[in-house]
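User: Please take one pair of packed helices and go through it closely. Add a short note on a sheet at the end.

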Amino acid sequence: MADEQSFDYIVVGSGATGCTMANRLTANPNIRVLLLEAGDVDTDPRIAEPGNLVQLWGSDLDWKLQTEAQSGMNGRQILINQGKVIGGSTALHAMMWVRGNRRNYDEWEARGAEGWGFDALLPYFKKSENYEGGASEYHGAGGPLSIRDCPDPASRSEAFMVAATELGYDGPYWDTNGERQENGAGLIQFTITEDGRRASASEAYLEPIRDRANLTIRQRALVGRVVFDGQRAVGVEYEHEGQLQRARAEREVIVSAGAFLSPKLLMLSGIGPADQLRSHGIEPIVDLPGVGQNLQDHLQLPVVFRLKEEQPNPYILTGNVLFVNTRLDRPDAPPDLQLNYTPAVPAPLAPVLNLPVPAMIFLPILVQPDSIGEVRLRSANPQDLPVVNPNYLQQEADVQTFVQAVKLIREMVGTQALGGLAAEELVPGSEGDLEGYIRAATSTLWHPAGTCKLGTDDQAVVDPQLRVRGVEGLRVADASVMPRVPSGNTQAGCYMIGEKAADMILNGLS
Ligand SMILES: Cc1cc2nc3c(=O)[nH]c(=O)nc-3n(C[C@H](O)[C@H](O)[C@H](O)COP(=O)(O)OP(=O)(O)OC[C@H]3O[C@@H](n4cnc5c(N)ncnc54)[C@H](O)[C@@H]3O)c2cc1C
């Protein structure tokens, strides 16, 4: 084993949350940080080009996780892409900037995540932002991430927004990252720079600070284990260029490896359900039954109409959105439906969809799933991917959200605004078996969360300061700590978690 180097903090994983932590912690020149990333550097030119994202899926920059057969989806196994590169999943994601609903975070706090209600989190959401519309009560300016209202004119659709207003929703041009998210139709905001490049976590949070003397970044470094001295985390063991290496953390190890790989790393390190660990020959350091449980993900379903007249193909996947709560028996719940819309087939998807005619695409997304799954260890070998079982569409309420979504879409297509543009329904088709289509055609929106949840109950893995329960010197900060997945794409929540975690650590020091 090579010589052990020493740092104050070791951050495992350079995704949305890990890059944020690395940036904010090293703003203090007295704090030495080692950022370890299993993937390689993000120099592939396709990363920066927003229209190229589909080409990155399935490449070497992707972990390519495969679920177990999903009985709610006719036994299909779903491929879940996840970034394996500096920048993590933000290097190959779809760049939509969606904060989620106030009620999501107030619900977190009500379930024991003290200090994580919406009002307390808003300053951290704003801190990430450099919003092109400038600073306001609900937006930040001057932050690392360039946020723009859908910059692709071909992806914007006033017709969609006006159609929503014909049905009684607010809009057009409703700011869904503003005071109220739900029941207003607007443009989606994107993490895209002013000159049209992807604003990944690496571009926004690492590039500007790469020359800080107190930051060490090591790529192609797969962390296999957190090293303990008794109950205290004192470093990590990682594989780099075929060699097993160790690094020492004088203060803390911070695990930011994402919702699938953070619970895996904890379990490999002896933290998790004791029976499961023992069955792989791992001696438990602390029996935490919640590690790997509470897995939630968003699902998407394409609903396609023929266009009466051809429209220009956007380079962005979708530009317009409306959030609705379709669950009338839960009037106070956050929206369960995110309805995205693109007025023509996006160029990046054209080869995949291969539609014979011009088409408009609605993309209903189930954003408050009742179906909950789990992540388990496949083996004690760090090279093996974990077993992922999201239990997609196990709960009938989740299927019903899509049924309600398709009804709403058909109403929208019946409005004056969209009726002039839409011809017949191509998919699922008005005569088809809707539930059959839902089970056959849903797929992941790549938003896994919840597998190391924060809280105070028996299933909580981290406390409200994100410290792993039962040990010292170890935190988790990434999508896995979300007690419940928010109503909307998850990157904004991950940056927020990074901002808040760094703030808690820095304030704890002073
Ligand atoms: C295809 C796709 C499209 C998406 N579209 C959007 C979107 O449009 N808008 C949105 O808001 N969100 C989107 N997301 C989700 C968003 O990217 C994630 O929610 C967010 O990046 C999660 O941040 P994270 O810090 O939890 O993990 P990640 O960003 O996934 O980062 C985790 C990092 O840890 C590294 N790692 C894992 N294990 C180890 C280990 N043992 N040792 C060292 N390093 C390790 C990984 O390689 C990775 O770089 C999308 C995701 C994907 C995959």
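Analyst: The helix pair comes first, then the sheet.

This is a predicted model, in which local features need pLDDT of at least 70 and side-chain atom pairs count only at pLDDT 80 or more, while totals for chains, interfaces and linings use all residues. Residues are numbered from 1 along each chain as its sequence is written.

Two packed helices are described by the angle between their axes and the distance between those axes. Here the pair is α11 (residues 396-413) and α13 (residues 434-441), with an angle of about 115° and axes 10 Å apart. Helices are DSSP runs of H or I with at least four residues, strands are runs of E with at least two, and both are numbered from the N terminus. Axes are lines fitted to C-alpha atoms, for helices over the stretch in contact, and angles run from 0 to 180 degrees between N-to-C directions. The angle therefore makes α11 roughly perpendicular to α13 (65 to 115 degrees).

On the α11 side, Val399, Phe402, Val403 and Val406 meet Leu434, Glu435 and Ile438 of α13 (contact: C-beta atoms, placed from the backbone, within 7 Å). By class, this contact has six nonpolar, no polar and one charged residues (Ala, Val, Leu, Ile, Met, Phe, Trp, Tyr, Cys and Pro are nonpolar, Asp, Glu, Lys and Arg charged, the others, Gly among them, polar).

As for the sheet, four strands form an open, mixed one in the order β5-β9-β7-β6 (strands pair if DSSP finds at least two bridges between them). The edge strands β5 (96-97) and β6 (129-131) each have a single partner strand, so one side of each is left without a neighbour in the sheet. Two bridges join β5 to β9 (residues 189-191), and these strands run antiparallel. Gln189 in β9 is the bridge partner of Trp97.

Terms used:
Angles under 35 degrees count as roughly parallel, over 145 as roughly antiparallel, 65 to 115 as roughly perpendicular and the rest as oblique. Two residues are in contact if their C-beta atoms, placed from the backbone, lie within 7 Å.
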